Amino acid sequence: MAPVEHILTLDCPEAPGIVHAVSRFLVEHDSDIIDNQQFGERREDGHFYMRVHFAAPDGAGGTEALRADFAEVADPFAMRWNLEPVSTRRRVLIMVSRYDHCLNDLLFRTRSGDLPIDVVAVVSNHRDHEALVAWHDIPFFHLPVTAATKPAAEAQLLDLVDELDVDLVVLARYMQVLSDELCGKLAGKVINIHHSFLPSFKGAKPYHQAHSRGVKLVGATAHYVTADLDEGPIIAQEVNHVDHSHSPADLAAIGRDAESAALARAVRWHCEGRVFVQGRRTVILR
């Protein structure tokens, strides 16, 4: 039968025989390894990470049969694992406020096939980008947020996440702080982009602040959202060298490019199963 490509990701405490057990499973299922990446942290917390791209015959039971058989491999090693076809596409909900560069970039990359995702909805606290989203034939939801309406707006958001079977929420310059309760309910499912290499300049006009301090680097950080504002596990970062000749407007333009690139990379890595969260940091198997 024609082979079907799958991605297997796993992590577990370091122990002898993990690679052997995974390899034996693949051999027993007549699978060919297309790509394999692994990392063991013997010097740190003794944890092991692995991502295998393989092709298996499309036999009886398909992916579900592979999962059932691999569970017997995973249990003795206390693995956290996932196994799915390469063709699986994540269902993504994008949230945005008034800045549109990250939204535009994600929609373009999705439409062109560059990102393995389906954008199932765009949510905004403003209507600025409703026409753009409609042009892409994507549902747009306007959820205004004030101190009084925030609980109701977040409840509506959770309803959308459930109704649309959303795998990932992307904050594409969404300028509202999510409540601790919402962060907890969506833990590991929300990616944000921050407008600096490290969160040095907070509040209004960050690039004006950077210009006044004579910065030599402008960058962006994409990270998972947690209750600790802008301090979730980092997935991707982008950095550019600048100098005294750059105006605040120049820095903002460079920053927009950095934000778009870092966010797209983070979304790609997450959706391709390359990101493992371990405590406050991530391991990325590229």
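## Faces, packing and labels in a predicted model

Tutor: On the other side of α5 from its buried residues, Pro151, Asp162 and Glu163 are exposed. This is a predicted model.

Student: Which residues of α5 are buried?

Tutor: Ala153, Glu154, Leu157, Leu158, Leu160 and Val161.

Student: How do you know that the buried residues of α5 line one face of the helix?

Tutor: Look down the axis. The buried residues of α5 fall within an arc of 155 degrees, so they line one face.

Student: What do the buried residues of α5 pack against?

Tutor: Four strands and a helix are listed: β5 (90–96), β6 (117–124), β7 (140–142), β8 (168–171) and α6 (180–185).

Student: How do you know that the span of α5 fits the expected one?

Tutor: α5 has 14 residues. From first C-alpha to last, α5 reaches 20 Å, close to the 20 Å expected at 1.5 Å a residue.

Student: Why is leucine 158 called buried?

Tutor: The relative accessible area of leucine 158 is 18%. Buried means under 20%. Leucine 158 therefore counts as buried.

Student: Where is leucine 158, and what is leucine 158 in contact with?

Tutor: Leucine 158 sits in helix α5, residues 150–163. Leaving aside neighbours within four places in sequence, its contacts are Leu182, Lys185 and Leu186. Leucine 186 is 28 residues away along the chain, with 8.7 Å between its C-alpha and that of leucine 158.

Student: What follows α5?

Tutor: Aspartate 165, with a positive phi near 55 degrees. Aspartate 165 lies in the loop between α5 and β8.

Student: Why does aspartate 165 count as exposed?

Tutor: The cut-off for exposed is over 50%. Aspartate 165 has 53% relative accessibility, so it counts as exposed.

Student: What makes the phi of aspartate 30 worth pointing out?

Tutor: Phi of aspartate 30 is near 55 degrees, a positive value in a residue other than glycine. Aspartate 30 lies in the loop between α1 and β2 (32–40).

Student: Is aspartate 30 buried or exposed, and how do you know?

Tutor: Its relative accessible area is 59%. Exposed means over 50%. Aspartate 30 is therefore exposed.

Student: Why is glutamate 14 called partly exposed?

Tutor: Partly exposed covers values between the buried limit of 20% and the exposed limit of 50%. Glutamate 14 has a relative accessible area of 22%, so the label is partly exposed.

Student: Where does glutamate 14 lie, and what does glutamate 14 touch?

Tutor: Glutamate 14 is in the loop between β1 and α1. Not counting residues up to four places away in sequence, glutamate 14 touches Gly40, Glu41, Arg42, Gly46, His47 and Phe48. Glycine 40 is 26 residues from glutamate 14 in sequence, yet the C-alpha atoms are 6.9 Å apart.

Student: How do you know that the length of α2 agrees with the expected rise per residue?

Tutor: Helix α2 (residues 62–74) has 13 residues. At 1.5 Å a residue, α2 should span 18 Å. Its end C-alpha atoms are 18 Å apart, which agrees.

Student: Which residues of α2 are buried?

Tutor: Thr63, Leu66, Phe70, Val73 and Ala74. These buried residues cover an arc of only 80 degrees around the axis, which puts them on the same side of α2. On the other side of α2, Glu64 and Glu72 are exposed.

Student: What do the buried residues of α2 pack against?

Tutor: β1 (3–13), α1 (18–28), β3 (47–57) and β4 (80–85).

Student: At what angle do helix α3 and helix α8 pack?

Tutor: About 45 degrees, with their axes 9 Å apart. The helices are α3 (residues 101–111) and α8 (residues 248–271).

Student: What makes α3 oblique to α8?

Tutor: Under 35 degrees would count as roughly parallel, and 65 to 115 as roughly perpendicular. About 45 degrees falls in neither range, nor over 145, so α3 is oblique to α8. The crossing is right-handed.

Student: Which residues make the contact?

Tutor: From α3, His101, Cys102, Asp105, Leu106 and Arg109. From α8, Arg256, Glu259, Ser260, Leu263, Ala264 and Val267.

Student: What covers the buried residues of α3?

Tutor: The cover includes β5, β6, α4 (130–135), β8, β9 (190–194) and α8. Among the buried residues of α3 are Leu103, Leu107 and Thr110. Just after α3, glycine 113 takes a positive phi of about 85 degrees.

How values were computed. Residues numbered from 1 in each chain as written. Predicted model: local features only at pLDDT ≥ 70, side-chain atom pairs only at ≥ 80, totals over all residues. Heavy atoms only, no water. Helix = DSSP H or I, 4+ residues; strand = E, 2+ residues; numbered from the N terminus. Expected span 1.5 Å × (residues − 1). Buried < 20%, exposed > 50% of the residue type's maximum accessible area, 1.4 Å probe, protein only. Arc of directions from axis to C-beta. Contact = heavy atoms within 4.5 Å. Axes fitted to C-alpha atoms, helices over the stretch in contact; angles between N-to-C directions. Left-handed = near helix turned anticlockwise from the far one by under 90°.
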